[in-house]
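Biologist: I should like to learn how to read the features of a model such as this one. Please take me through it.

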Amino acid sequence: MTNKDFLKLEGKKSGISMDKIMTIFCYVALIAVVILPVFMIIYYTFWDGSKIDFEMFRSVLFQKENLRAMKNTLIIAVFATLFATLVGVFFAWLLGRSDIPMKGFMKFLFSIPFMIPPFLAAMSWDMMFSGRGGYVNKLLMSLFNLANAPLNINSIPGIIIIEVVYYFPFVYMQVVSALERMDPTLEESARIAGANQMYVIRKITLPLTVPAISSGVLLVLITSLSNYGIPSMVGYSKGIFTLPTMIVELMNRSGGSFVGIRQAAALSIVLVIVVAIALVIQRRLLTHGRYDIIKGKSMRPMLIKLRGAKIPLLVFSLFFLTLIVIAPIVMILLVSFNRAYGLPFTMENFTVMHYVNVFTKNAMVKDSVKNSLFLAFSAGAICLVLGTMLAYVIYKVKPKGGTILEMLAVLPYSLPGTVMSIGCILAWSGAFFGISLYNTIWIILVAYIARYLSYVLKSSSAALQQVHPSLEEAARSCGASHYEALKDVTLPLIKPAMLSGFFLVFLPCMRELTTSILLYGPKSRTLGVAIYQLRINGQINQAAALSVITILLIIIMNNLVKYITRDRRKL
Amino acid sequence: MNKIELNNITVRYGTNTVLEHFNLTVEPGQILGIVGPSGCGKTTVVRAICGFIDPQEGTVSINGNIMYDRAKRINVSPEKRNVGVVFQDYAVWPHLTVYDNTAYPLKKHGVPKDQIRPQVEEALRLVNMSSYHNYMPSQLSGGQQQRVAIARALTSSKDLLIMDEPITNLDAKLREQMLVEIRLMQEQLGTTIIYITHDQEAAMQLCDKIVIMQNDGSIAQIGTDEEIISNPANRFVFSFVGVSNFLPVIKQDGKVYLDYDEKILLFDEVPAEYPAADRADIGIRPMDIVFDETSPVKAKIVSAVFFGNIYSYFIDIAGNEYRVQRITSGNEEDEKYVEGLEIGVRFLNCKYFDREVKN
């Protein structure tokens, strides 16, 4: 090669590099799916069309109905978090530290609530315990000759119970892994120093797991504050509203009027503020309890002998877990095969007609399965590409403002789904460039991408940080262009993480309700919306049948993920 | 066989200048060692050659072709510079087999398919990895991965190899073996090799010529191992290439004294290489301080440690500690020099350096 060729090469390089294109693309994508929706909520709340207006926000804030919703939200969140934490820590300790038998079976039971969407669990609890109509209530009333239903799930305590049951596994998961990784010598040395068992638990074990507990608390608190499915399933019929359900209600009532949308937007801001306060308090608490004593190395913890308490605790745990994990699934199954909701479960009432009907007679259901599969696949695929690109830009290209990119991508994760949906409606109903996605499937896709992008970002960036720069440089010096080095070395190395990132998006999209309930149009119902509407229309058996199908789909997908990730470890 | 020239290279990271007006020429077919303490800019030099960084000033040329010229805005991308690189952490791609790792550069260089296999086999034979074609890197030991990295660098370029601390992560025995093998391979192929290390012993064993870089990124000395050991250019080189003692000396009335509070006569004549200033330092290796009862310079043995083939001592002269080594003689003389003994010492092969101004 002569120097002329080099000059030509230099000339080629003067164009925009691939890294720059990717960086710009990431900024554009995040502006579209994150900044514009968030901006529009603020804009609609404080701009009345001609001037800045705080009055509307104030009036929404102090409206009686909204104040009650706020109160309900806080009461539910606080108590649900409190009890979920207690139950979660108790079971974590029981399974992580005691010699209780049947641990494997119980651990399996704990994984089930993760697979069932919260609104389905709520629906099932409603079938069991709703006033006089609930099957279990009816059973108890006839067994004990009661005049009134023993438990009414359509109440604030009812919502709290469902949330506790649904959320305590989050706390359990966090704490049990901390307990399993804790250095056992810390406890042993306390025993040697003369402390008794209770004292060790109180003064050593518990304080050391504080960081794990508080991150579990944070998870439950924020999820509860922004949960839509549970309060809407059991609270709506009795007029019990929380902030998320109230926002949806305002949005529905508005019928598209400017004032109505502004009220929903204002209430969204209230919800965001509540969540933000919870986050801040949590951060404070978390930084107070930083311990490095829990090691990454796995160790065999000292197991505490339960002795006489072993059998009673086992019976109690199994009973409890059966009630809260198995009963709801059985309930939905039974109802799905029952001729009509309310009839007793006998052989002559057994039928598969709801499964047949749901697919043959109901166009909405067929659409919803198609839509959900389409949405989950496309959201998964787009998040996969965009999230990995973002991770690459943030951690490898390291442009100026890389942290801003990261913050933007993670922001929707801590925003309630309801709020994100309102933002999407405001931003993409013709507000910008005349693009109106309202009532189409595309607006749901945009919202899904915004909500779940951070999942892929996290898994891909963790993998990317494992890829040492010299691996890419080695490819360059072997004659590969920047693009080829990416394609031949970096991408294959992070492929497993990208794939699991895809499923991390795919699964929640399949069972999504919060976002889609606000965004669906006549032709863009999702599985969640379809189940919800079947139930509202009184076709409860069909709703149950569709729920069973949804749960099966999720379980199959989940096992597929496990299969894929297991295969990777073998290599 | 490629000649490499670096001219006037300046590299800055923010306000931190790593290299300033750095010049270096590597002759074809040479193994050139670049040696220096960690953080002196060794790796920056090779990254500039490979094209992984763009210097703020200067030119890089390989075999007379300009690869980088700041002024003329020439910057050949790394994949077109035809340099084989062996990275410190091997950088063997974990998702490809040994064969695929080694074949990758050939594929990228557009070598016809039927020629790839013989070339890969040849490269793997050179590094003694012929029986490992289908192994994944995770199934190999560190030393074996290292060999794969070298084989891959060889298929990438037989003309110029850059090795950045290639054997630091291996154990001592394997290090020795790898050095011999690299040397043999180079003799077979005539490759120009730039070998980066902070281990001066490995460099002296392997390299035809050694560049010693100091902490500020400048070159202290370029020379063969003999030149560097017998004629260290400065105090830094002297202390870098081995264990060293520095003693203060002063020139008075045509004689050289040890420059302590109480002057001790060292030599009756001032040697020709004595620096211009009256006060200077002598640098001396532990082996060159010998016990001699007749010497007027008295020292006290602070400690004596037996290492098998040598004895290592700390001695005290006028309140200062120095290192002394003596080859074990195997007779009663070994037991004579015990801790606490007062004895005369003589100094051989003294090197004279300007007095270091201590802050």
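**Helix, interface and domains**

Modeller: Helix H20(A) is largely enclosed by the rest of the structure, because 20 of its 26 residues are buried (20 or more other C-beta atoms, placed from the backbone, within 10 Å of a residue's own). This is a predicted model, in which local features need pLDDT of at least 70 and side-chain atom pairs pLDDT 80 or more, while totals for chains, interfaces and linings use all residues. Residues are numbered from 1 along each chain as its sequence is written, and chains are lettered from A in the order in which they are written.

Biologist: What span should helix H20 of chain A have, at 1.5 Å a residue?

Modeller: Helices are DSSP runs (H or I, at least four residues), numbered from the N terminus. The expected span is 1.5 Å times one less than the number of residues. For residues 441–466 of chain A that gives 38 Å, and the end C-alpha atoms, 37 Å apart, agree.

Biologist: Where does H20(A) bend?

Modeller: A bend is the angle between axes fitted to the seven residues ending at a residue and the seven starting there. H20(A) turns by about 45° at Tyr452(A).

Biologist: How many residues does each chain give to the contact?

Modeller: Residues are in contact if their C-beta atoms, placed from the backbone, lie within 7 Å. Chain A gives 22 residues and chain B 26. Helices H1 (3–13), H21 (469–477) and H22 (482–510) of chain A each supply two or more residues to its side.

Biologist: How is chain B divided?

Modeller: Domain bounds come from an automatic or database assignment. Chain B has domain 1 (4–239) and domain 2 (243–354), with C-alpha centres 40 Å apart. Their contact takes five residues from domain 1 of chain B and four from domain 2 of chain B.

Definitions and conventions:
Buried ≥ 20, exposed ≤ 12 C-beta atoms within 10 Å, placed from the backbone. Contact = placed C-beta atoms within 7 Å.
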